[in-house]
Every structure is written in C-alpha cells, then in structure tokens.
Amino acid sequence: MEIGTLQWYPGHMVKARKMVLENLKLVDVAVELLDARIPMSSRNPEIDLILANKLRAIVLNKSDLADKSQTEKWRRFFSTEQGYPCIVLESQLGKGVNNLIAAVQELAKDILEKLAAKGRKPRPVRLMMVGIPNVGKSSLINRLAGKGSTRTGDRPGVTKGKQWIRVGKGLEMLDTPGILWPKFEDPEVGFKLAVTGAIKDEIINIEQVTLKLIHILSMKFPEALKNRYKLEVLEEDPSETLKKIGVKRGCLISGGNVDTLKTAVIVLNEFRAGKIGRFTLDELS
Ligand SMILES: Nc1nc2c(ncn2[C@@H]2O[C@H](COP(=O)(O)OP(=O)(O)OP(=O)(O)O)[C@@H](O)[C@H]2O)c(=O)[nH]1
Ligand SMILES: [Mg+2]
C-alpha cells in the first residue's frame, strides 16, 4: 500500500543518532519506549546497535489503547525471550510508573555496588528515555518529574547544558529524550506507524491509511466498527464503508456527495483515541 511519499533525510537522521549516542554515554539505563499497539513496528531496527552496552528496560506505553491479552503476551515475550524487564504503562495517566522506577533501580544495582566497592560516593542512577516520535516520551518524563522531583539544573563537569531531573530517591533522569526515527522498508510497518500517529499526518495519505484501517477492522474486528458507526452491515469495499460512515456523520459536500477526506480524518482520529476499541496491530499468537 502506498501511504504517501515518505522522505527521511539522511543528514537529519545522522544528527539525531549522534545526539542519542552522546546522551546515552551519560546514563546507566536506557528506557526504550514502545507503542503497545505495535510493539515490533515501533522498534527502531537499529536499536540493538544504538543501545549496545547499555542496560535497558522496555516500556509498552499507551497500553490503554491496546488489546489487554496481547499486551500481556508481548510483556512476556520481551521479558522471557529477550531478557529485558518490560513494564506496561499508561504514561498519560502515570499508571505503571512505580514499576518502572523499581525496574530501573534493580537494573542499575550492580553498577552502584561496583562504585561502592571502589569506595566512590553513592550517586543516583541515571536514565534516559528513547523511542520513536509520539510514543509518549515527554508524557512519561513529565509524569516522573511530577511528584517529589526537582530539576537539578546544569551540572558542570558532566555535560554543559544538560538538565537532570531528580526522580524520588536515588534516581535521576535526563530531561531530553532520545528520538529514534522510525525506519522501515516494509510498507506494512509504514502503515502501522502512520495509523498510530508516529509519522506526521502531513506526509501520509490520510485517506489511503484510513481505507486500509477500515479494511483491517472489517476483517478482524467487524463488530467494533459496526458498533461505533451504527452500521448494519459492512461493505466489501472499504471505500463504500467510508462513504456510509460519512453519511452517518453528516460529512457531505455540495451535490450530496460524501467528503471522504473529512470522514477519513474522523475515523483515523477516533481510532487513535481508542474510541473504536482497543487493538493491537502487531499480534503475537
Ligand atoms: N492514550 C494514551 N495516550 C498517550 C499515552 N502517553 C502519551 N499519550 C499521548 O500521545 C501523544 C504523544 O505524547 P508525547 O509524550 O508528546 O510523545 P513524545 O514521544 O514525547 O513525542 P515526540 O516529542 O514527538 O517525539 C500525546 O497526545 C499524549 O497525550 C498513553 O499512555 N495513553
Ligand atoms: Mg516529546
């Protein structure tokens, strides 16, 4: 499927990568945020290289929008098969945040014990968030920065201009997250990134993405789609279903035709807001 002309600027990516790598040097633990609706597609394929030699926790964020049993399967996959502590989170509401703090502290225990053995002064565990655009990095930072945290300000001697935020006792977080560009050759992955909002709407073909979404929902979750838009039956052709939805929602243009773009925007936004239901698009069996 053609989701639009995707342009990734190599220069921009190189710069972003360099910044992530530089910041990573300053921390003990990286928290890799994934979108629970697309745990595989929201993973930067180069992540293992970028995070090599770094302790890592994985967060399945936006779990409120994903299928519960799928999220549990993914959590087990990452923790059991890949060996990373994996925390299910809703960073908007802050649900699961304490589990994340505990996991980070547990991960860094050895580092701190080694420092202590060398007679060094105890210091907080340092962490940073990494993830693709829109996955919830800033929301999570704000959540962690909320209660009981203080901005520690510039710390000369570490790196000029970096802001550290103290999170409760014994934890410190870099206030700038590492943005990992999504990267894909597989158009299916491109679709999943577009439909969940990881790729800017300006560069995707909204109508095409929505038609594909309607197609998938019609095949896999027909009742959810019917219920949301009060449709008695679903058409075989997703563009016919889109038109029916447009009529229901009064998205008409002169001549009585359906404004399909306006309708597509509504469906896409309602999907992203979880109004059609909770779906995981990268499924584990
Ligand atoms: N439903 C839901 N929405 C969330 C959650 N976490 C974040 N969001 C929403 O997702 C959108 C993006 O969140 P941000 O925290 O700005 O994401 P980000 O990773 O910092 O994005 P960039 O700065 O663009 O890389 C916002 O509209 C948030 O309100 C969550 O757990 N559940
Ligand atoms: Mg952000």
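Which element gives the largest share of the lining of the largest cavity? I shall answer that for the predicted model before us, and then turn to ligand 1 and its pocket.

The answer is E1, with three residues. Some context on this cavity may be useful. One cavity of 30 Å³ or more is counted, and the space within the largest cavity comes to about 30 Å³. Its lining consists of Glu 32, Leu 33, Leu 34, Ser 42, Arg 43, Asn 44, Ile 47, Val 130, Gly 131, Ile 132 and Leu 180. Two elements each give two or more residues to this lining, namely strand E1, spanning 29-35, and strand E4, spanning 125-131. Sorted by class, the lining of the largest cavity holds six nonpolar, three polar and two charged residues.

As a general remark, a probe the size of a water molecule, rolled over the atoms, reveals where empty space remains.

I now move to the second largest pocket, whose volume is about 280 Å³. It is lined by 14 residues, and those closest to its centre are Lys 62, Leu 65, Gln 92, Asn 134 and Arg 272. What is the make-up of this lining by class? There are eight polar residues and five charged ones, with one nonpolar residue.

This pocket is also where ligand 1 sits. Around ligand 1 there are 15 residues, of which Asp 64, Gln 92, Lys 137, Ser 138 and Ser 139 are the closest. Gln 92 thus appears twice: among the residues closest to the pocket centre and among those closest to the ligand. The shell around ligand 1 comprises seven polar, four nonpolar and four charged residues.

Which helix gives the most to that shell? Helix H6, residues 137-146, does so, with three residues.

Let me turn to the backbone contacts with oxygen atoms of ligand 1. Asn 134, already named as one of the residues closest to the pocket centre, places a backbone N or O atom 3.0 Å from an oxygen atom of the ligand. For Val 135, a polar backbone atom lies 3.3 Å from a ligand oxygen. For Gly 136, the corresponding separation between a polar backbone atom and an oxygen atom of ligand 1 is 3.0 Å. How much of the ligand does the protein bury? Ligand 1 taken alone exposes 660 Å², and 72% of that is buried by the protein.

To close, I return to the opening question: in the largest cavity, E1 supplies the largest share of the lining, while ligand 1 is found in the second largest pocket.

How values were computed: Residues are numbered from 1 along each chain as its sequence is written. Chains are lettered from A and ligands numbered from 1 in the order in which they are written. This is a predicted model: local features need pLDDT of at least 70, side-chain atom pairs count only at pLDDT 80 or more; totals for chains, interfaces and linings use all residues. Side-chain values use heavy atoms; hydrogens and water are left out. On a 1 Å grid over the protein atoms alone, a cavity is a set of points where a 1.4 Å probe fits but cannot get out, and a pocket is an open set with protein on both sides within 12 Å along at least five of seven lines; lining residues have an atom within 4 Å of a point. Grid points are joined across faces, edges and corners, and a volume is the space filled by probe spheres set on the points. Ala, Val, Leu, Ile, Met, Phe, Trp, Tyr, Cys and Pro count as nonpolar, Asp, Glu, Lys and Arg as charged, and the others, Gly among them, as polar. A residue is near a molecule or strand if one of its heavy atoms lies within 4 Å of it. A polar contact is a pair of N or O atoms within 3.5 Å; within protein, one must be able to donate a hydrogen and the other to accept it, and residues adjacent in sequence count only if both atoms are side-chain atoms. Accessible areas come from the Shrake-Rupley method with a 1.4 Å probe; for residues, only the protein chains shown count as cover. A molecule sits in a cavity or pocket if more than half of its atoms lie within 2 Å of its grid points. Helices (H or I, at least four residues) and strands (E, at least two) are DSSP runs, numbered from the N terminus.
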